[in-house]
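Subject: The structure I promised you

Hi,

Here is the structure I said I would pass on. Have a look at it first, and then read my notes below.

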Amino acid sequence: AEQPLPDGGCCNLGAVNLERYVDENGNFMIESFKETVQIATRFLDNVVSWNESLNALDKQKRAASETRRLGRGVMGVADMLNQLGIGYDSKEGVDLMTQIMEFITNASFQASASLAKEKGMSPIFDLDKYMECPFIQESLSENTKLAIRKHGLRNIAIMSIAPTGTISNIVLSYK
């Protein structure tokens, strides 16, 4: 299912292909992955800026400008787990994906805080209300929360995993 958005809402989606971060020795390349997540967050934020004037309706333009919603997701989970020799439905697989999603979430929110420092935060960002959100309280590390408190966020929504069947077909066509 897709994420419901408010009237005129929009969200720019992008998935990181996890199978690309397994090296020839069967290790997950965490530093390379972190760099990609940061670059991809910046890229999607730039897409929001580039698209602002291209939205057809004024309410879409306003929503994009105010919320700067991103859909930072992943794809290639089964392929990555296969390369690592881990069963898709195993406890080890679930634990690894939990770690990866915690990592990508924190890296993406840290990147948005960095972008807020550099380019300015979302005009509707409210620190007190945002920090009360159960997702923020439960999902983000203390370092990430500190970065948000210090700089705010450029993007109101950051994590949203879109259906990636079509994206994966596009990616496979470039191999």
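How much area does the protein expose, and what share of it do carbon and sulfur atoms supply? The exposed area is about 10,000 Å², and carbon and sulfur supply 51% of it (accessible areas come from the Shrake-Rupley method with a 1.4 Å probe, and for residues only the protein chains shown count as cover).

Before you go further, a word on where this comes from. This is a predicted model, so local features need pLDDT of at least 70 and side-chain atom pairs count only at pLDDT 80 or more, while totals for chains, interfaces and linings use all residues. Residues are numbered from 1 along each chain as its sequence is written, and side-chain values use heavy atoms, with hydrogens and water left out.

**The overall picture**

You will find eight helices and two strands in the protein. Helices (H or I, at least four residues) and strands (E, at least two) are DSSP runs, numbered from the N terminus. Starting at that end, the order is β-α-α-β-α-α-α-α-α-α.

The C-alpha atoms fit in a box of roughly 50 × 40 × 30 Å along the principal axes. The radius of gyration is 17 Å, which agrees with the value near 16 Å for a compact globule of 175 residues. That radius is taken over C-alpha atoms, and the globule rule is 2.2 Å times the number of residues to the power 0.38.

Of the 175 residues, 41% are buried. Buried means under 20% relative accessible area, exposed means over 50%, and partly exposed is in between (1.4 Å probe, protein chains only). Contact means heavy atoms within 4.5 Å. Among contacts with a separation of 6 or more, 77% are between residues 24 or more positions apart.

As for charge, there are 18 positive and 22 negative side chains, and the centres of the two sets lie 7 Å apart. Lys and Arg count as positive and Asp and Glu as negative, while His and the chain ends are not counted. Each charge is placed at NZ of Lys, CZ of Arg, CG of Asp or CD of Glu.

**The cores**

A nonpolar core is a set of buried Ala, Val, Leu, Ile, Met, Phe, Trp, Tyr and Cys residues joined through side-chain atoms within 4.5 Å. The largest one has 18 residues, of which L18, F28, F33, M80, M97 and I100 touch the most other members. Helix 1 (30–51), helix 3 (77–84) and helix 4 (91–119) each give at least two residues to this core. Helix 4 has the largest share, with six residues.

Try clicking on L18. Beyond its neighbours within four places in sequence, L18 is in contact with F28, F33, V74, M75, G76, V77, M80, M97 and I100. Apart from this core lies another, of twelve residues, including L140, A147, I148 and I156.

**Along helix 4**

G93 is in helix 4 and is buried, at 1% relative accessibility. Leaving out residues up to four places away in sequence, G93 touches L81, I86 and G87. G93 and L81 are twelve residues apart in sequence, with 6.8 Å from C-alpha to C-alpha.

T105 also belongs to helix 4, and with 7% relative accessibility T105 is buried. Its contacts, setting aside neighbours within four places in sequence, are F135, L140 and M159.

What about E118: buried, partly exposed or exposed? This helix 4 residue is partly exposed, at 49% relative accessibility. The C-alpha atoms of E118 and R154 are 9.3 Å apart, with their positions 36 residues apart along the chain.

**Three more to look up**

K145 sits in helix 7 (residues 142–151). K145 is buried, with a relative accessible area of 10%, and it touches M131, I136, Q137 and L140, not counting residues up to four places away in sequence.

A157 is in the loop between helix 7 and helix 8 (165–173), and counts as buried at 16%. Outside its neighbours within four places in sequence, A157 is in contact with T67, R68, R69, L70 and Y130. A157 and T67 are 90 residues apart in sequence but 7.2 Å apart in space, C-alpha to C-alpha.

R68 lies in the loop between helix 2 (58–67) and strand 2 (70–75), and is buried at 4% relative accessibility. Its phi is near 50°, a positive value in a residue other than glycine. Most residues other than glycine have a negative phi.

Cheers
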